[in-house]
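Reader: Please take one part of this model and go through it closely, backbone and packing included. I would like one connected account rather than a list.

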Amino acid sequence: MKRGLLIILLGLALGVAGGFAAYFTRTAPQRAILCSDAPEMAWLKSEFQLTDAQFVTIQKMHEHYLEHCAEYCRRIAATNELIRARITTAGEVTPELQQLFAGAAELRAECQAHMLEHCFAVSREMSPEQGKRYLAWVQDQILVMPHEQTDSESPHAAHGH
Amino acid sequence: MNEAVPPRFQERVWQRVEDADTPARTPMSWFTALFMRPAFATVAATMLLLGGLAIGYVRANHDAAQWNEQLAHRYVASVNPYSHGQ
């Protein structure tokens, strides 16, 4: 009687321990990425199987890109602020507002072209197969229309600046 | 007073005494007794171990996929200034 109980308790303990072991082993790569300094870049390295040399180059390109991106972010924020202020006071679509909207659209086009240029450059640093996969993935992510993206997909992670 | 006792009287009396001492077997006690047998207990323990491994693996797959998705969104957000508005 006691032996049977002991065997079951041992099975239960091994089951719990095995479950935790399976969980921590399977999630080890993701946890390592999340604990790294730049998780999104570590994810890129893992997802597109970058070599260390490719990763170093792409990371430098990314840092360089972010410097320009910060400038775009500043301009976008300033334009949005101006549009918001004019909308509050105008009460109708004035020629000035139309001009501001045209400027915002132009800025968006400029920013997207710059972003795409960066993505092309990044893909060229990857192996041909991974580069093709990266470009296909990135265009799905970047060229998505606002209404196509659900709330759960909306990235709320900080853009960085 | 001199009436003869029925045949096997003594044996039946002892049988009734024995039955009264033995608790009635409920389905629960039968189940417990079954699993307390080493052979069944070994099967149950193996199932518990496999069940634990399976639950851990399925849960890990779910979490890993979710974290991957979050990291992908973080990368997109880091290159796309308009990602907040979308």
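## A helix, its loop and its partner

Author: B:Arg8 lies in the segment that precedes helix 1 (9–21) of chain B. The model is predicted, so the geometry here is that of a prediction. The phi angle of B:Arg8 is positive, about 55°, although this residue is not a glycine. B:Arg8 counts as exposed because it has 9 other C-beta atoms within 10 Å, and the cut-off for exposed is 12 or fewer.

Chain A has a residue to set beside it. The phi of A:Gln49 is near 45°, a positive value in a residue other than glycine. A:Gln49 sits in the loop between helix 3 and helix 4 of chain A, just after helix 3. With 12 other C-beta atoms within 10 Å, A:Gln49 is exposed, since exposed is defined as 12 or fewer. The C-alpha atom of A:Gln49 is 22 Å from that of A:Met115, with their positions 66 residues apart along the chain.

The helix before that loop is the part to look at closely. In helix 3 of chain A, the residues A:Pro39, A:Glu40, A:Met41, A:Ala42, A:Trp43 and A:Leu44 are buried. What covers these buried residues? Their cover includes helix 2 and helix 4 of chain A, and also helix 3 (38–79) of chain B. The cover therefore includes elements of both chains.

How do the two helices numbered 3 meet? Helix 3 of chain A packs against helix 3 of chain B at an angle of about 115°, and their axes are 8 Å apart. That angle makes the two helices roughly perpendicular, because the term covers 65 to 115 degrees. The crossing of helix 3 of chain A with helix 3 of chain B is left-handed. From chain A, the contact is made by A:Pro39, A:Glu40, A:Trp43 and A:Leu44. From chain B, the residues are B:Leu71, B:Ala72, B:Arg74, B:Tyr75 and B:Ser78. By type, the residues of this contact divide into six nonpolar, one polar and two charged. A:Pro39, A:Glu40, A:Trp43 and A:Leu44 also appear among the buried residues of helix 3 of chain A.

This crossing belongs to a wider interface. Between the chains, 46 residues of chain A are in contact with 40 residues of chain B. Helix 1 (2–26), helix 2 (28–34), helix 3 (39–47), helix 4 (52–90), helix 5 (95–125) and helix 6 (128–142) of chain A each supply at least two residues to the side that touches chain B. Helix 1 of chain A gives the most, with 18 residues. That side of chain A divides into 29 nonpolar, 13 polar and four charged residues.

For the rest of chain A, the setting is as follows. Chain A has six helices and zero strands. Buried residues make up 19% of its 161 residues. Of the contacts in chain A between residues at least 6 apart in sequence, 48% join residues at least 24 apart.

On confidence, chain A averages a pLDDT of 86, and 88% of its residues score at least 70. Over residues 148–158 of chain A, pLDDT stays under 50. For that stretch the model has twelve contacts beyond four places in sequence.

How values were computed: Residues are numbered from 1 along each chain as its sequence is written. Chains are lettered from A and ligands numbered from 1 in the order in which they are written. This is a predicted model: local features need pLDDT of at least 70, side-chain atom pairs count only at pLDDT 80 or more; totals for chains, interfaces and linings use all residues. Two residues are in contact if their C-beta atoms, placed from the backbone, lie within 7 Å. Helices (H or I, at least four residues) and strands (E, at least two) are DSSP runs, numbered from the N terminus. Ala, Val, Leu, Ile, Met, Phe, Trp, Tyr, Cys and Pro count as nonpolar, Asp, Glu, Lys and Arg as charged, and the others, Gly among them, as polar. pLDDT is the predictor's confidence in each residue, from 0 to 100. A residue is buried if 20 or more other C-beta atoms lie within 10 Å of its own, exposed if 12 or fewer, and partly exposed in between; C-beta atoms are placed from the backbone. Axes are lines fitted to C-alpha atoms, for helices over the stretch in contact, and angles run from 0 to 180 degrees between N-to-C directions. Angles under 35 degrees count as roughly parallel, over 145 as roughly antiparallel, 65 to 115 as roughly perpendicular and the rest as oblique. A crossing is left-handed if the near helix is turned anticlockwise from the far one by less than a right angle, and right-handed if clockwise.
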